[in-house]
Amino acid sequence: EAKLRTRGGNAANVLADFRSLDQERRERITEVEGLKAARKKLSDEIARLKREKQDASVQMEETKRLKARIEELESSGAEDLLRERMARVPNLPYDDVPVGASADDNAEVKRWGEPKEFGFAPKPHWEIGEQLGILDLERAAKISGARFAVYWGAGARLERALAQFMLDTHTREHGYTEVLPPYMVNSRSLFGTAQLPKFAEDLFRCEDAEPYQEDKYRENDHWLIPTAEVPVTNLFAGETLDENQLTTSLVAFTPCFRSEAGSYGKDVRGIIRQHQFQKVELVKFARPEDSAAEHEALTRNAETVLERLELPYRRMLLCTGDMGFGAAKTYDLEVWLPGQQLYREISSCSNYDAFQARRAGIRYRPKGQSKSAYVHTLNGSGLAIGRTWLAILENYQQADGSVRVPDALIPYMGTDVIKPHAAKQGVK
């Protein structure tokens, strides 16, 4: 309760009748175990009576009564109700997470790079992209609605170049194994990574997921992934890994789909908040004693991409009230956007402790121990490609309206400057 209070909200409401349900569950388990022992004793007595050719009808009637009572207790639903309550209880923050109510209480851990001084008023990415003819929000709205984008020419190439650059960096230098997962997952997987039941409104679900029931997590329904974290983390759902498999580090490049429920009126300009965007995701499975160090390593891997692209950023340690539902500790990386004169989140790197592993049933077998234990899962963006795309436009814009390509991306782009897209400019 004390830990939950630091996350905001009413701890008593979150836990609801947890105490009474847990007590009822424990009492029923104790009673069932006693009844089963009594039934076994009666069964032995019935066998003895039959061997001795004696009447066992009274004992047989008593075993029927005990069986009925056991079935009644086991079908009470207390266990299901308890699981339902616990599914809505967020993870407990680590002790070194600052206590706070909102983003205003986050702590800046480090800052890298100096924001560039321009000899002109820097423009936001939506103006730069439109003037270059590489970003088309109007036609995207025509074919798909609001919060979608069409990229033309060098704009499309820049998106592709960023993905390849990030994948190469993480696989060749940081030791991640690339995986290409499905872009649709079932509700059981979304429960495992804690998107369900709390964040159902933020997801796009397919017709076979209707009607959605919070207590029914199926394996044959489908939802569009909000992040590669979901399919990649669930690769090992229900499995027990050998200790020598840890730490396992995976990277995936996928589209992400989010309904952005509750974001009406926020970030309506540009491509900050989209229904569809692409992301390179980093996921780790670690031993509990290694997860803190792996969290630092994963965050540092994401920072390396920003530094190679020479984009100024800062690392923020999120407070208890600003962390995600399943996280025990989170660092946000925020990139500087000169066109908007602010730092904006471009990666969120979290240690989930055993929270997701417990929900998804991901264990490992510690050496020298007879019992298995839960792994710790970690993930973070390495990076969000759309936000990296717009950060390049804003940080590398030039007075003549063109955009210089960061040195690290020139081999992937095949050019050192992005100029107006002639084909798009001719379309009216």
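# Core packing, aromatic pairs and selected residues

Phe325 counts as buried at a relative accessibility of 8%, where buried denotes under 20% relative accessible area, exposed over 50%, and partly exposed the range in between, computed with a 1.4 Å probe on protein chains only. The model is predicted, so local features need pLDDT of at least 70 and side-chain atom pairs count only at pLDDT 80 or more, whereas totals for chains, interfaces and linings use all residues. Residues are numbered from 1 along each chain as its sequence is written, and side-chain values use heavy atoms, with hydrogens and water left out.

## Aromatic pairs

In general, two descriptors characterise a pair of aromatic rings: the distance of the centres and the angle of the planes. Rings of Phe, Tyr and Trp (for Trp, the six-membered ring) are paired if their centres lie within 6.5 Å; planes under 30 degrees apart are stacked, over 60 edge-to-face, and the rest tilted. Under this rule there are eight aromatic pairs.

One of them joins Trp112 and Tyr313: the ring centres are 5.8 Å apart and the planes stand at 20 degrees, so the pair is stacked. Distant parts of the chain are linked here, since Trp112 belongs to strand β1 (residues 107-112) and Tyr313 to strand β10 (residues 313-317), 201 residues apart. Strands are DSSP runs of E with at least two residues, helices are runs of H or I with at least four, and both are numbered from the N terminus. The two partners fall into separate accessibility classes: Trp112 is partly exposed at 28%, whereas Tyr313 is buried at 0%.

A further pair is formed by Phe325 and Phe355, whose ring centres are 5.9 Å apart with planes at 75 degrees, so this pair is edge-to-face. It too links distant parts of the chain, 30 residues apart: Phe325 is in the loop between β10 and β11, and Phe355 is in helix α12 (residues 355-360). Like Phe325, Phe355 is buried, with a relative accessible area of 10%. Ring pairs also bring in Phe199, giving a cluster of Phe199, Phe325 and Phe355.

## Nonpolar cores

In soluble globular proteins, nonpolar side chains tend to be buried together. A nonpolar core is here a set of buried Ala, Val, Leu, Ile, Met, Phe, Trp, Tyr and Cys residues joined through side-chain atoms within 4.5 Å. The largest such core holds 44 residues, of which Leu158, Leu162, Trp389 and Leu409 touch the most other members. Two or more residues each come from α6 (125-132), α8 (154-173), β9 (276-286), α11 (291-308), β11 (329-337), β12 (342-351), β15 (376-384) and α13 (385-395). The greatest contribution is that of α8, with seven residues. Apart from this core lies another, of 15 residues, including Val232, Leu250, Ala252 and Ala360.

For Trp389, contacts (heavy atoms within 4.5 Å) beyond four places in sequence are made with Ile134, Leu135, Tyr151, Gly155, Leu158, Glu159, Leu162 and Ile271.

## Helix α13 and its packing on α6

Helix α13 is mostly covered, with eleven of its eleven residues buried. Among these are Arg387, Glu394 and Asn395, together with Trp389 and Leu390.

The axes of α6 and α13 are 9 Å apart and make an angle of about 85 degrees. Axes are lines fitted to C-alpha atoms, for helices over the stretch in contact, and angles between N-to-C directions run from 0 to 180 degrees. The two helices are therefore roughly perpendicular; this class covers 65 to 115 degrees, with under 35 roughly parallel, over 145 roughly antiparallel and the rest oblique. On the α6 side His125, Ile128 and Gly129 take part, and they meet Leu390, Leu393 and Glu394 of α13. By class, this contact comprises three nonpolar, two polar and one charged residues. Ala, Val, Leu, Ile, Met, Phe, Trp, Tyr, Cys and Pro count as nonpolar, Asp, Glu, Lys and Arg as charged, and the others, Gly among them, as polar.

## Three further buried residues

The table places three residues in their elements and gives their relative accessibility.

| Residue | Location | Relative accessibility |
|---|---|---|
| Asp168 | helix α8 | 11%, buried |
| Thr320 | loop between β10 and β11 | 2%, buried |
| Leu73 | helix α4 (residues 57-74) | 4%, buried |

Not counting residues up to four places away in sequence, Asp168 touches Glu173 and Tyr412. With the same exclusion, Thr320 is in contact with Thr6, Arg7, Pro93, Val97, Pro98, Val99 and Gly100. From C-alpha to C-alpha, Thr320 lies 41 Å from Trp152, at a sequence separation of 168 residues. Leu73 touches Arg28, Glu31, Val32 and Leu35, again leaving out residues up to four places away. Leu73 and Glu31 are 42 residues apart in sequence, and their C-alpha atoms are 8.4 Å apart.
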